Amino acid sequence: MTPFISQPEALAQAVISSAPDGIVLVDDTDRILLANPAMEAICGYASAELLGQSVEIFLPPAVRERHRKNVRHYDQNPRPRPMGLVENLSLLHKSGRAIPVDIALGQFQRDGATVTVVFVRDISGIKELERQMQFHATRDALTGLANRWLFNQHLAQALRQTERQAGKLALLLLDLDDFKSANDRHGHAVGDLVLIEAARRITASVRTGDLTARIGGDEFVVLLRDVETSGDAVVVAEKIVDALALPCVVQGHDVALGGSIGIAYCPDDAQDAETLMRYADMAMYRAKALGRGQCTVYSASMAEQIARRALVRERLTLALENDGLHLHYQPQVSVSTGAVSGVEALLRWTDPDLGEQHPADFIPIAESTDLIVQIGDWVIETACRQAVAWRDAGTPLRVAVNLSARQFRDEGLSDQIRATLTRQGLEPELLELEITESEAMAHPKRTGQLLQRLQGFGVAVALDDFGTGHSSLAYLRELPVTRLKIDREFICPIGEPGTEATLVKAILGLASTLGLDVVAEGVETQAQLDFLRANGCGAYQGWLFAKALPADQVPALLRRRP
């Protein structure tokens, strides 16, 4: 190892050579007398290169003067020093890189001279473990973004800074639109990749100094510091929304990626973190209610709207649990004969405290939660039970039931429908399911597979609100649907001066070519009915014949003629 150790000290030499930590012996002039193999491995120098060198060979030039002061202090107060007393020590490797180390010191006398023993421990592994632990404690494991804890720390700091410097910051709370359905449809592995892609797009849309965090399953937040005007945050939010709306293909799956963003400002809206988050959350849900894929800035009126939504959701849940919901049925009438060919089941709810509630008001609230699935199940069960009652009374009627988007995306829908028909004892041909054109065309391949299964056991399917979506003729020809329903917004103008109803004529022509039946919705005037008759429409529904009525009033309509 070195001539410094004499033959009688062979045992000590063997111990030093086999020690797992680096050992360096230094004389009173700070020159290296000995370095063991472990030290060679730590510093990259061979022992022969170190002998006679100043121990400062291990130190960056910037810290050498401080090292000399520490040595003088230690020489004046020599005592054993264990590991772990000094933080953030590093040793300069021969290659020039810094190696994190810990050291212990001791001294002994040899031949009247003081020798310092330096024990050096490479703690690179420990530092890496600490780094990883710090990362996992402050970062989202999936996306690498800041987690909720780290975000809260930064938000608290930013709020204090804003208070001191009279600045403004913005909080952007983002929720991916309908992520749960995509996750259920494609599986969690694809869902995780979607979240990673969403995180990438959000981060790319903000400034380098802005903090982006994932604080929930599909919920993200962006902290914008030093916002000059309220419009600046809106610009960033719109940029994020546009980025998320771009096509997204993950493992061969087309995923409808999008997001809704709520914005709240400090100090304009709130000065504390909890209130600021709550207001941004209100604004985000408002953005979803407006149609999703939007950004909305918090306003004071939102608190009242949120309270109203919460009340409606609570009362709607009670109505579902306590038979407070009802179905009314609107006849579908043959244009040529005037006979009732079927009915559409429509949900009705009158709350003891809130009064009669319009479906357009409470259905979107139900759709924002799993409540819509429970209501949808109830509607199907109730409509089938009523169809059985009419059949048993000698007046069989086909009943059409609207499916929510959440129901339609449920992989077990066809099995559920089959089980309901079996349980109620209803013939499949007496049930028709209505899905919107937009929902059907969102994922044509999956739609086709589902409709094939439903058709396989005799349940008919109608495309609702036809004309408002973007159907591909190629896909439409392949979908096993039996009926198209023309949306009322195209029927209403018929009969008014200057109205040609070109689109209605086109839909009727297309349906005739494809061999599909057509039901026109919202027929309220004789002029509208005459137009439909002249252009070959098969059936209609609307107030011209009857409003939606309770089940016990439907049989009387079967004897009516327009």
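Student: Let's start with helices. How do the axes of α7 and α8 cross?

Tutor: Happy to begin there. In this predicted model, helix α7 (residues 179–186) and helix α8 (residues 188–204) have axes that come within 6 Å and cross at roughly 140°. The two helices are therefore oblique to each other. F179, N183 and H186 of α7 make the contact with H188, V190, G191, V194 and L195 of α8. Sorted by class, this contact has four nonpolar, four polar and no charged residues.

Student: And what about α11 and α12, at which angle do they cross?

Tutor: Helix α11 (residues 301–321) and helix α12 (residues 359–367) cross at roughly 85°, with axes that come within 10 Å. That makes α11 roughly perpendicular to α12. On the α11 side, the contact is made by R309, V312, R313 and L316; on the α12 side, by F362, P364, I365 and A366. Here the classes are six nonpolar, no polar and two charged residues.

Student: Now the sheets. How should I read the antiparallel one, and which strands form it?

Tutor: The general idea is that strands of a sheet pair through backbone hydrogen bonds, either parallel or antiparallel. In this case five strands form an open sheet with antiparallel pairing, in the order β2-β1-β5-β4-β3. β2 (32–35) and β3 stand at the edges with a single partner strand each, so one side of each is left without a neighbour in the sheet. Ignoring direction, neighbouring strands are turned by 40° against each other on average. For a pair to look at, take β1 and β5, which are antiparallel over five bridges. L25 has V117 as its bridge partner in β5.

Student: Which strands make up the sheet with mixed pairing?

Tutor: That open sheet also has five strands, in the order β7-β8-β6-β11-β12. Its edge strands are β7 (211–214) and β12 (295–297), each pairing on one side only. The twist from one strand to the next averages 20°. Strand β11 (residues 259–266) runs parallel to β12, and three bridges join them. You can find I263 paired with V297 of β12.

Student: Which helix lies across β6, β8, β11 and β12?

Tutor: Helix α9 (residues 230–245) does: it lies across β6 (169–176), β8 (219–224), β11 and β12, and runs at about 165° to β11.

Student: Let's turn to empty space. How many cavities of 30 Å³ or more does the structure hold?

Tutor: Rolling a probe the size of a water molecule over the atoms shows where empty space is left. This structure holds one cavity of 30 Å³ or more, and the largest cavity has a volume of about 30 Å³. Its lining consists of L176, D177, F179, A182, V194, V255, A256, L257 and G258. By class there are seven nonpolar, one polar and one charged residues in that lining. F179 and V194 are among the lining residues, and they also take part in the contact of α7 with α8.

Student: And the second largest pocket: what is its volume, and which residues are closest to its centre?

Tutor: The second largest pocket has a volume of about 1,000 Å³. It is lined by 38 residues, and H67, N70, R81, I103 and L105 are the closest to its centre. At least two lining residues each come from β1 (22–26), α4 (64–76), β3 (89–92), β4 (98–110) and β5 (113–122). The largest share, seven residues, is from α4.

Student: How does that pocket's lining divide by class?

Tutor: It divides into 21 nonpolar, nine polar and eight charged residues.

Note on methods
Residues numbered from 1 in each chain as written. Predicted model: local features only at pLDDT ≥ 70, side-chain atom pairs only at ≥ 80, totals over all residues. Heavy atoms only, no water. Axes fitted to C-alpha atoms, helices over the stretch in contact; angles between N-to-C directions. Helix = DSSP H or I, 4+ residues; strand = E, 2+ residues; numbered from the N terminus. Parallel < 35°, antiparallel > 145°, perpendicular 65-115°, else oblique. Contact = heavy atoms within 4.5 Å. Nonpolar A, V, L, I, M, F, W, Y, C, P; charged D, E, K, R; others polar. 1 Å grid on protein atoms, 1.4 Å probe; cavity = no way out; pocket = protein on both sides within 12 Å on 5 of 7 lines; lining within 4 Å. Points joined across faces, edges and corners; volume = space filled by probe spheres on them. Pairing = 2+ DSSP bridges.
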